[in-house]
Amino acid sequence: MTSLLDNFTARLSKFPSVGLVDVPTPLRPMPRLSEHLGGPNIWIKRDDATHISSGGNKLRKLDRVLYTAVEQGCDTLVSGGVPQSNSQRQVATAAAILGLDAALCVFTGRVENDSVLYQNSGNIVLNTLFGATLYPTPWAGDRNGPIKALAEKLRAQGRKPFVVPYGVSNAMGALSYSSVIAEIAAQTDEAGIMPKAIIAASGSGGTQAGVSLGVQACLPDTAAICIDVDADAARVMADAVQYAGEAATLLDIDFDPGQMRLESGYSGEAYGIIAPSTVEAMTLCARLEGVILDPVYTGKALAGLIGLIRAGEFARGEDVVFIHTGGAPATFAYADVINDALSP
Ligand SMILES: Cc1ncc(COP(=O)(O)O)c(C=O)c1O
């Protein structure tokens with residue numbers, strides 16, 4: 001294992017970062033949740049516990065993606081997402097830290113939620129706090145077209161924009177995210193365990209790409225299982241396969257997309273809409289482990305792990321790692337839905 005890890009780490013280190021995240025993030029056991037579910041020992045990788053911006057998986061991606069922005073002397077990060085996008089909030093944070101401006105397309109209509117909370121609290125108020133300029137943009141299904149168009153508009157005005165793709169998902173984002181697996185490989189080795197599976201949410205696909213790539217390179221006996229939160233598994237998988245393949249080429253390592261696994265059935269009726277299994281997962285995690293999950297990504301991902309455990313996928317005594325990819329600010333934007341679901 002060590003030589004695989006050393007080899008992978010050496011390849012990753014050739015790609016410089018801007019130093020946004022304090023790593024490694026902690027890996028902790030979840031004994032009460034594991035006992036309650038009566039299945040494997042569940043460990044949680046706290047990628048929400050980075051030291052800035054309420055944390056999250058996008059900071060790890062941005063760490064290398066933004067190296068180019070700094071190197072090219074860009075002055076404005078341009079990106080896009082829904083009002084409660086964690087990605088946007090982390091782009092806005094990174095811009096503040098690096099002394100850049102942030103221009104963000106806020107896609108209206110992708111998530112059907114007109115509540116005052118959803119439209120104004122949680123992540124979106126943090127974007128404003130970090131100083132980002134918000135551009136309301138009607139959602140038409142194209143994730144990156146409007147972001148590129150906004151960048152061109154700003155360029156015509158004399159700015160030097162840098163396009164951060166939707167979800168910070170591209171080859172470099174995936175490559176950068178695969179560092180989480182190198183950390184998990186070292187941490188599980190130190191804990192004396194070999195995880196049967198590593199579980200994470202998948203939406204724009206970059207996280208799944210990085211996790212799958214890292215697992216194949218560092219932990220070949222472990223399964224990388226991602227949970228579709230977009231209610232659009234075919235698209236999510238196609239994007240993840242593309243980013244993982246491109247990242248493997250950058251790293252000059254072999255990669256087999258046939259081993260990638262995406263579970264559907266836990267996203268609820270649509271992206272951004274809470275399902276009963278989401279509320280159950282969030283409640284169990286909060287009440288048994290004191291850990292806040294979010295309603296859009298990690299709540300659904302843990303619901304997926306719970307579903308797999310109940311379906312008998314793992315035996316008692318086996319170890320699985322659940323990656324907490326962040327998202328806590330969005331919980332407050334869904335306070336009305338959560339209160340309704342939990343009221344006696
Ligand atoms: C908290 C959280 N978890 C998981 C994901 C999924 O990551 P990806 O978009 O790379 O699939 C996101 C994406 O926004 C997120 O915000």
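I began with the kinds of residue around the ligand: by class, the shell holds two nonpolar, 12 polar and two charged residues. A reminder to myself before going on: this is a predicted model.

**Who is in the shell**

I looked up how many residues surround the ligand and found 16. The closest are Lys61, Gly203, Ser204, Thr207 and Thr325.

**Contacts with ligand oxygens**

I then went through some polar contacts one by one. Lysine 61 places a polar side-chain atom 2.5 Å from an oxygen atom of the ligand. For glycine 205 the partner is a polar backbone atom, and the distance to a ligand oxygen is 3.0 Å. Tyrosine 297 uses its side chain, with a polar atom 3.2 Å from an oxygen atom of the ligand.

Next I asked myself how much of the ligand the protein buries. Taken alone, the ligand exposes 380 Å², and the protein buries 98% of that.

**Where the ligand sits**

I checked the cavities too, and the ligand sits in the largest one. Three elements give two or more residues each to the shell: helix H3 (57–71), strand E7 (197–202) and helix H10 (206–218). Which of them gives the most? I noted H3, with three residues.

I also looked at the shell by domain. Domain 1 (2–55 + 171–342) and domain 2 (57–168) each supply at least three residues.

**Two backbone spots to remember**

Away from the ligand list, I made a note on the backbone. Valine 23 and proline 24 are joined by a cis peptide bond, with omega about 0°. I found proline 24 in the loop that runs between helix H1 (2–12) and strand E1 (27–29).

My other entry is serine 54, where phi is near 60°, a positive value in a residue other than glycine. Serine 54 also belongs to a loop, this one between strand E2 (41–46) and H3. That brought me back to H3, the helix I had already written down for its three residues in the ligand shell.

Note on methods
Residues are numbered from 1 along each chain as its sequence is written. This is a predicted model: local features need pLDDT of at least 70, side-chain atom pairs count only at pLDDT 80 or more; totals for chains, interfaces and linings use all residues. Side-chain values use heavy atoms; hydrogens and water are left out. A residue is near a molecule or strand if one of its heavy atoms lies within 4 Å of it. A polar contact is a pair of N or O atoms within 3.5 Å; within protein, one must be able to donate a hydrogen and the other to accept it, and residues adjacent in sequence count only if both atoms are side-chain atoms. Accessible areas come from the Shrake-Rupley method with a 1.4 Å probe; for residues, only the protein chains shown count as cover. On a 1 Å grid over the protein atoms alone, a cavity is a set of points where a 1.4 Å probe fits but cannot get out, and a pocket is an open set with protein on both sides within 12 Å along at least five of seven lines; lining residues have an atom within 4 Å of a point. A molecule sits in a cavity or pocket if more than half of its atoms lie within 2 Å of its grid points. Helices (H or I, at least four residues) and strands (E, at least two) are DSSP runs, numbered from the N terminus. Ala, Val, Leu, Ile, Met, Phe, Trp, Tyr, Cys and Pro count as nonpolar, Asp, Glu, Lys and Arg as charged, and the others, Gly among them, as polar. Domain bounds come from an automatic or database domain assignment.
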